[in-house]
Amino acid sequence: MNHLAHAIDEIGRTTMFFAALLKTMFRRPSRFGDVVDQTWNVTLQSLPTTAMAGFFVGAIMAVQFTMQMRDFGALGYLGGLATSGTLREVGPLLIAFMLSGKVGAYTSAELGTMRVTEQIDAVRCLGADPLQELIVPRFLGIVISSSLLLGAGLLMSVLGGMTLGHLFAHVSPEEYVRHIPTILTWPSILIGFAKCAVFAVVLATICTYRGYSATGGAKGVGRAVVTTAVSTMMCLVVMDWVTSYLAEAVMTLARGP
Amino acid sequence: MKPKAFELRRVGVAFDGRSVLRDVTLDVGEGECLVLIGPSGQGKTTLLKTMAGLIAPQDGEITVRNQNFLKMDATERLNLLKRMGMLFQRNALFDSMTCAENVAFPLRETTDGDEAWIGDKVEQFLEAVGLSQARDLYPDEISGGMQKRLGIARALALSPEIIFYDDPTAGLDPITSRKIVELIQRLRHEQNSTVIAVTNDMNRAYQMADRLALVADGGVLVTGSVEETKRHPDPRVRQFIHGSVEGPLSPVSGGG
């Protein structure tokens, strides 16, 4: 029961932190240069792994779909289906998981260390707002770069699917890409990027909050990193369900009865 | 009677239900140097951070220059904080910035000065604390005494009217300690600022203080000037300044 109360308490605190962060973002915007720096750092840190993962996700999707599609004689749709599946489901979740392992852990450790060595207090004592100075640029950096990474990962997944499709299912590259525009409609693209943004907001809020509120020396920083990893993973799968459900509802509504 | 820089009335601070300070009532005059002394772990740093606005008290009132410190809005508070400076116990230097960038940080954040003006200011403050040679080094590349001086330069960069020093001579040899206190004194007179300092070193406390206050058992006992403190009848004060093991004070391990 205590654990449950503690969990609810933490959700409340994280939500309040998110609200304070939003308020700061609009009332006292951070310097544009700081946001660009953070976005650049996050994107550069994660680009190689995202590109590699994207390539293999495309490849996996191609392998998984080939068998079923061949039975229906619809191999021409392989590229479209694999790409749509990647964009709408696997891509955003994978990007968020990878970012949480790399950037989430890094951010909470960095902010946690700044907290326990009183550097965050020092920022406040020197007349600056730590939320505006440290948190908002990191938050925006993660959110913006997650969309850039999704775009890059998606291109790599097309390349991966195309290569594997050509080698193992003998689908020519032209045939692989031909039906991508038919299946990959604008709503799918919007859903993919919206999901990615929601996941990035969840991840960025949790990792900055955990680091910002760390207490108790090296052990406290370690605890902040571990709780960031655990709570991010849990929140991401829950949010994946919520966003998928909402997306389906919106699509149904848009199509009409 | 000097105008008051700080007025604390019945201030109480607790962490996770554990009371650290109770019913603290304390005044600090403009331009005064008040030194907080007392056993470790009994609330000196907590009191200092409460006055600097880093810890929110659960009870009581704090008035800074006739303004209610606890009830002002965020902008007013930020403006007031800009007029305060603080040297932290462990310096809290920005380890990803060079010495010059550490001093430039508050100037970039809170003033509209251009880079040339900021560069001149940084040079001036590094010169004042004798760190011109170390401007491009990072905090972990310089000695403990130099880090302390860098912390002082950064705290003073905005020419604050109220300065907090949390144990400015901790971990320093006696010669460096004396030099640091002389530096604090010189800068204080140059800038005509109010100083509130915490120290465990009685010699340095006597060197700096206009008034001393003993923080013990969650309360504050203002003991008066250096001479008054030395003659103070309270057994706790006598035990502390003589460093006796036997007596009413029981030091608690841990930070204060």
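The following exercises, each with a worked solution, concern a predicted model with chains A and B.

**Exercise 1. The sheet of chain B**

Determine the order of the four strands in the open sheet of chain B, and identify which strands stand at the edges.

*Solution.*
Step 1. Reading across the open sheet, the strand order in chain B is β2-β1-β4-β5, and the pairing is antiparallel.
Step 2. In chain B, β2 (18-29) and β5 (67-68) each have a single partner strand, so one side of each lacks a neighbour in the sheet and these two strands stand at the edges.
Step 3. For a pair inside this order, take β1 (residues 4-15) and β4 (residues 59-64) of chain B: they run antiparallel and are joined by five bridges.
Step 4. One residue pair serves to locate the register: Arg9(B) has Glu61(B) in β4(B) as its bridge partner.
In general, strands of a sheet pair through backbone hydrogen bonds, in either a parallel or an antiparallel manner.

**Exercise 2. The interface of chains A and B**

Describe the contact between chain A and chain B in terms of residues, buried area and polar interactions.

*Solution.*
Step 1. Count the participants: chain A contributes 14 residues to the contact and chain B contributes 20 residues.
Step 2. Consider the area: about 1700 Å² is buried between chain A and chain B, with 59% of it on carbon and sulfur atoms. On the chain A side, Glu118(A), Cys125(A) and Leu126(A) supply 40% of the area buried against chain B, more than any other three residues.
Step 3. Examine the charged pairs: two salt bridges are found across the interface of chain A and chain B. In a salt bridge between side chains, Glu118(A) meets Lys49(B) at 2.5 Å, N to O.
Step 4. Add the polar contacts: three residue pairs, both members at pLDDT 80 or more, are in polar contact across the interface of chain A and chain B.
Step 5. Assign the chain A side to its elements: helix α4 (residues 119-125) of chain A provides six residues, the largest share of the side that touches chain B. By class, that side of chain A comprises six nonpolar, three polar and five charged residues.

**Exercise 3. The surroundings of helix α3 in chain B**

Establish whether helix α3 (residues 99-110) of chain B is largely enclosed or not, and state what its buried residues pack against.

*Solution.*
Step 1. Apply the cut-off for burial, under 20% relative accessible area.
Step 2. Of the 12 residues of helix α3 of chain B, nine are buried, so the helix is largely enclosed by the rest of the structure.
Step 3. Among the buried residues of α3(B) are Cys99(B), Asn102(B), Phe105(B) and Thr110(B).
Step 4. The buried residues of α3(B) pack against helices of both chains: α4 and α5 (130-168) of chain A, together with α4 (115-128) and α5 (144-156) of chain B.

**Exercise 4. Buried loop residues of chain B**

Locate Ala92(B), Thr98(B) and Asp167(B), and characterise their burial.

*Solution.*
Step 1. Ala92(B) lies in the loop between β6 (84-87) and α3 of chain B. With a relative accessible area of 2%, Ala92(B) is buried, and its phi is positive, near 50 degrees.
Step 2. Thr98(B) is found in the loop between β6 and α3 of chain B and counts as buried at 9% relative accessibility. Leaving aside residues up to four places away in sequence, Thr98(B) touches Arg135(B), Asp136(B), Leu137(B) and Tyr138(B).
Step 3. Asp167(B) belongs to the loop between β7 (162-166) and α6 (174-191) of chain B. Asp167(B) counts as buried at 8% relative accessibility, and although not a glycine, Asp167(B) has a positive phi of about 50 degrees.
Step 4. As background to the phi values, most residues other than glycine have a negative phi.

Note on methods: Residues are numbered from 1 along each chain as its sequence is written. Chains are lettered from A and ligands numbered from 1 in the order in which they are written. This is a predicted model: local features need pLDDT of at least 70, side-chain atom pairs count only at pLDDT 80 or more; totals for chains, interfaces and linings use all residues. Side-chain values use heavy atoms; hydrogens and water are left out. Two strands pair if DSSP finds at least two bridges between them. Contact means heavy atoms within 4.5 Å. Buried area is the accessible area (1.4 Å probe) that two parts lose on being put together, summed over both. A salt bridge is a side-chain nitrogen of Lys or Arg within 4 Å of a carboxyl oxygen of Asp or Glu. A polar contact is a pair of N or O atoms within 3.5 Å; within protein, one must be able to donate a hydrogen and the other to accept it, and residues adjacent in sequence count only if both atoms are side-chain atoms. Ala, Val, Leu, Ile, Met, Phe, Trp, Tyr, Cys and Pro count as nonpolar, Asp, Glu, Lys and Arg as charged, and the others, Gly among them, as polar. Buried means under 20% relative accessible area, exposed over 50%, partly exposed in between (1.4 Å probe, protein chains only).
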